[in-house]
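Got your viewer open? Let's walk through this one together, one selection at a time.

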Amino acid sequence: MVRVGVIGGTGYTALEVMRLLQRHPHAEVTVVTSRSETGPVSSSHPSLTGQITVNFTNPDPDEIAEKTDVCFCCLPHKASMDCIPSLLASDVRVVDLSADYRLSDPSVYEKWYGHVHTDPTRLGTTVYGLPELYRDQIRGQNLVANPGCYTSTSILALAPFLKADLIDPQAIIIDAKSGVSGAGRSPKVATLYAECNESFSAYSVGNHRHAPEIEQVLSNASGKSVEVLFTPHLVPMDRGIFATIYATPARDTTESELKEALRAFYSNEKFVRVVDHLPRTKDVAYTNFCDVTVRLVRGRVMILAVLDNMIKGAAGVAVQNFNLISDFDEETALL
Ligand SMILES: NC(=O)C1=CN([C@@H]2O[C@H](COP(=O)(O)OP(=O)(O)OC[C@H]3O[C@@H](n4cnc5c(N)ncnc54)[C@H](OP(=O)(O)O)[C@@H]3O)[C@@H](O)[C@H]2O)C=CC1
Ligand SMILES: CC(=O)N[C@@H](CCC(=O)OP(=O)(O)O)C(=O)O
């Protein structure tokens with residue numbers, strides 16, 4: 001059994017990590033941390049009653065290292081990089097769900113996150129944990145930077161077309177919508193019921209931190225300089241991401257050629273389903289699937305993609321990465 005720690009255990013992604021791991025045949029959750037809670041994990045997550053029986057604790061990284069082999073770090077950015085170097089120094093392997101190790105340039109991190117990176121030498125060397133693009137590099141790593149939820153949806157939707165030179169890399173518009181759990185469980189005014197219920201709003205227009213993450217990963221993966229106009233929206237539903245993406249064809253093409261490129265790219269991928277119908281967030285809720293389709297409309301390429309922000313957009317892909325670094329079947333606990 002691999003002994004697993006869940007850091008930031010009261011949050012939403014931690015709940016989903018534990019929900020998935022309780023059916024993993026080779027993983028045992030031995031530590032769940034919280035600064036605020038001390039009781040059983042079920043006191044904060046009643047749905048885990050009888051499934052995860054440890055209590056919340058607030059140990060230092062050395063104590064965590066004594067009881068774990070792998071940690072899922074489910075903390076906000078900044079808090080994550082405050083704890084991960086000590087865990088790695090004690091030979092604990094880490095899947096980090098925060099953004100702290102995703103960007104490769106410390107100055108880009110500082111610009112978008114508003115503080116200096118305190119572990120800059122790991123930027124640029126830490127693998128980006130999107131198995132569909134970086135599976136071979138993820139295997140055997142001690143640290144994996146799990147992607148963001150909007151970014152996973154956008155990258156999975158766009159990578160096939162950029163790699164096949166089918167769309168202009170500089171003329172991409174991503175119109176993305178997220179359920180409210182995407183903002184986490186920590187209270188914020190924008191996610192109070194009376195603020196977001198029966199309302200649909202855009203936010204961070206022109207300055208969301210997922211734009212540089214999407215551009216970095218797609219540029220690296222395709223070898224082209226990719227620029228995106230990315231607009232996130234908050235939708236009054238619990239979970240799910242819907243991305244409607246508009247691109248300009250790089251040359252004459254047809255809808256069947258676009259569909260064929262998408263199908264070919266994901267022909268061996270279990271968790272990306274290329275569909276003919278228009279996908280819905282309901283179709284992927286609570287699953288590790290990303291459903292994607294493409295249309296050619298009035299000379300423009302339209303890609304439509306959905307996933308569950310907390311599963312394929314966070315905890316599910318984190319378990320995929322856990323399986324890869326632990327040499328388990330990648331699908332374990334995910335189907
Ligand atoms: N929600 C989503 O859909 C997605 C989230 N992510 C990322 O995953 C990470 C976790 O997100 P999520 O679970 O939604 O967040 P939550 O706000 O739901 O939970 C985070 C937990 O971390 C603990 N925490 C908060 N601040 C600190 C701190 N300064 N130091 C130590 N512990 C702290 C809190 O627990 P306590 O107070 O008990 O200590 C809190 O419950 C974030 O980095 C987020 O950006 C990525 C993709 C999707
Ligand atoms: C609805 C909502 O608020 N969503 C979050 C993104 C969640 C996520 O993926 O965050 P990280 O990249 O920080 O891990 C946001 O826009 O900040």
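Which residues does UniProt place under the feature "domain: Semialdehyde dehydrogenase NAD-binding"? Select residues 3–141: that is where the UniProt record, an unreviewed entry, puts this feature. UniProt positions are given in the numbering used here, feature names are shortened, and annotations may be inferred rather than shown by experiment. Over residues 3–141 the chain is 35% helix and 17% strand, and the C-alpha atoms at the two ends are 17 Å apart. Helices (H or I, at least four residues) and strands (E, at least two) are DSSP runs, numbered from the N terminus.

Two quick notes before we move on. What you see is a predicted model, in which local features need pLDDT of at least 70 and side-chain atom pairs count only at pLDDT 80 or more, while totals for chains, interfaces and linings use all residues. Residues are numbered from 1 along each chain as its sequence is written, and chains are lettered from A and ligands numbered from 1 in the order in which they are written.

**Stop 1: two domains**

Color the protein chain in two parts: domain 1 (2–147 + 313–325) and domain 2 (150–309). These bounds come from an automatic or database domain assignment. The C-alpha centres of domain 1 and domain 2 lie 24 Å apart. Where they touch, 19 residues come from domain 1 and 22 residues from domain 2. Here, two residues are in contact if their C-beta atoms, placed from the backbone, lie within 7 Å.

On the domain 1 side of that contact, helix H5 (106–113), helix H6 (131–138) and H12 each give two or more residues. H12 gives the most, with four residues. By class, this side of domain 1 divides into twelve nonpolar, five polar and two charged residues. (Ala, Val, Leu, Ile, Met, Phe, Trp, Tyr, Cys and Pro count as nonpolar, Asp, Glu, Lys and Arg as charged, and the others, Gly among them, as polar.)

**Stop 2: ligand 1**

Now click on ligand 1 and show what surrounds it. There are 28 residues around ligand 1, and Gly8, Gly11, Ser98, Gly184 and Arg185 come nearest. A residue is near a molecule if its C-beta atom, placed from the backbone, lies within 6 Å of it. Helix H1 (12–21) and helix H12 (311–325) each supply at least two residues of this shell, and H1 gives the most, with three. The shell has ten nonpolar, 15 polar and three charged residues. Each of the two domains contributes at least three residues to the shell around ligand 1.

**Stop 3: ligand 2 and Cys149**

Which residues sit around ligand 2? Select His77, Ser98, Ala99, Gly148, Cys149, Tyr150, Ser178, Gly182, Ala183, His210, Pro232 and Leu234. Helix H7 (149–163) and strand S10 (228–234) each give two or more residues to this shell. Six of the shell's residues are nonpolar, six are polar and none is charged. Domain 1 and domain 2 each supply at least three residues here as well.

Zoom in on Cys149, which the unreviewed UniProt entry annotates as "active site". Cys149 lies in helix H7. Is Cys149 buried or exposed? Cys149 counts as buried because it has 28 C-beta neighbours inside 10 Å. (Buried takes 20 or more other C-beta atoms within 10 Å of a residue's own, exposed 12 or fewer, and partly exposed falls in between; C-beta atoms are placed from the backbone.) Leaving out residues up to four places away in sequence, Cys149 touches Ser178, Gly182, Ile241, Asn309, Gly313 and Ala314.

**Stop 4: the core**

Next, highlight Val6, Val17, Phe72, Cys73, Leu158 and Ala318: these have the most contacts inside the largest nonpolar core, which has 97 residues. Both domains give residues to this core, so it lies between them. (A nonpolar core is a set of buried Ala, Val, Leu, Ile, Met, Phe, Trp, Tyr and Cys residues joined through C-beta atoms within 7 Å.) Beyond its neighbours up to four places away in sequence, Leu158 touches Ile172, Leu218, Ile245 and Ile303.

**Stop 5: two last residues**

Select Leu75, in the loop between strand S4 (70–73) and helix H4 (79–89). Leu75 counts as buried, with 23 C-beta neighbours inside 10 Å. Setting aside neighbours within four places in sequence, Leu75 is in contact with Ile7, Gly8, Ser80 and Ser98.

Finish at Ser44, in helix H2 (residues 41–44). Ser44 is partly exposed, with 19 other C-beta atoms within 10 Å. Not counting residues up to four places away in sequence, Ser44 touches Thr10 and Glu37. Ser44 and Thr10 are 34 residues apart in sequence, and 6.3 Å apart in space, C-alpha to C-alpha.
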